[in-house]
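Thanks for making time this morning. I would like to walk you through one model, starting with its strands and then turning to its core and one loop residue.

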Amino acid sequence: MVAIAAGGRLDCGTYDGTIDISATGTFEYNSTEDQTLNGQLTGDGNVVKDNDSTLIIDNTTATPSDFGGGFTVVDGVLIINDDLTGAT
């Protein structure tokens, strides 16, 4: 599991890299700071959004994301602006 907690953010709040979450993996965003992910989201793991911040998944690359995992929102806001057809 990879967790971003407290006041942590990736790349000062706007991250352009690919995030690959394996089938048994979890990406937990539990920060008090807002975050935008502009890269691809791939894999079959899980994304967990916790805390009162906003997490935006907005793939701005020319290649579509290939994510077949799931999302759980415990607290805060999750905005998805990406074609995640296989996601649950």
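How many bridges join β5 to β8, and do the two strands run parallel or antiparallel? Three bridges join them, and the strands run parallel; strands here are DSSP runs of E with at least two residues, numbered from the N terminus, and two strands pair if DSSP finds at least two bridges between them.

Before going further, please keep in mind that this is a predicted model, in which local features need pLDDT of at least 70 and side-chain atom pairs count only at pLDDT 80 or more, while totals for chains, interfaces and linings use all residues. Residues are numbered from 1 along each chain as its sequence is written, and side-chain values use heavy atoms, with hydrogens and water left out.

Within the pairing of β5 and β8, Gln35 has Leu55 as its bridge partner. These strands belong to an open sheet of four, with parallel pairing, in the order β2-β5-β8-β11. Because β2 (14-15) and β11 (77-80) stand at the edges with a single partner strand each, one side of each is left without a neighbour in the sheet.

Let me move to β4, which runs parallel to β1 (residues 2-6) and is joined to that strand by five bridges, with Ala5 opposite Asn30. Strand β4 is also joined to β7 (residues 46-49), again in parallel, by four bridges, and here Phe27 stands opposite Val47.

Both Phe27 and Val47 are part of the largest nonpolar core, which has twelve residues, including Ile4, Tyr29, Leu55 and Phe67. By nonpolar core I mean a set of buried Ala, Val, Leu, Ile, Met, Phe, Trp, Tyr and Cys residues joined through side-chain atoms within 4.5 Å, where buried means under 20% relative accessible area, exposed over 50% and partly exposed in between, with a 1.4 Å probe and protein chains only. The elements giving two or more residues to this core are β3 (19-21), β4 (26-31) and β8 (54-57). Tyr29 is in contact (heavy atoms within 4.5 Å) with Ile4, Gly8 and Leu55, among others, leaving aside neighbours within four places in sequence.

Finally, Glu33 lies in the loop between β4 and β5 (35-37), and counts as partly exposed because its relative accessibility is 33%. Not counting residues up to four places away in sequence, Glu33 touches Ala6, Gly7, Gly8, Arg9 and Ser53. From Glu33 to Gly13 the C-alpha to C-alpha distance is 7.7 Å, although they are 20 residues apart in sequence.
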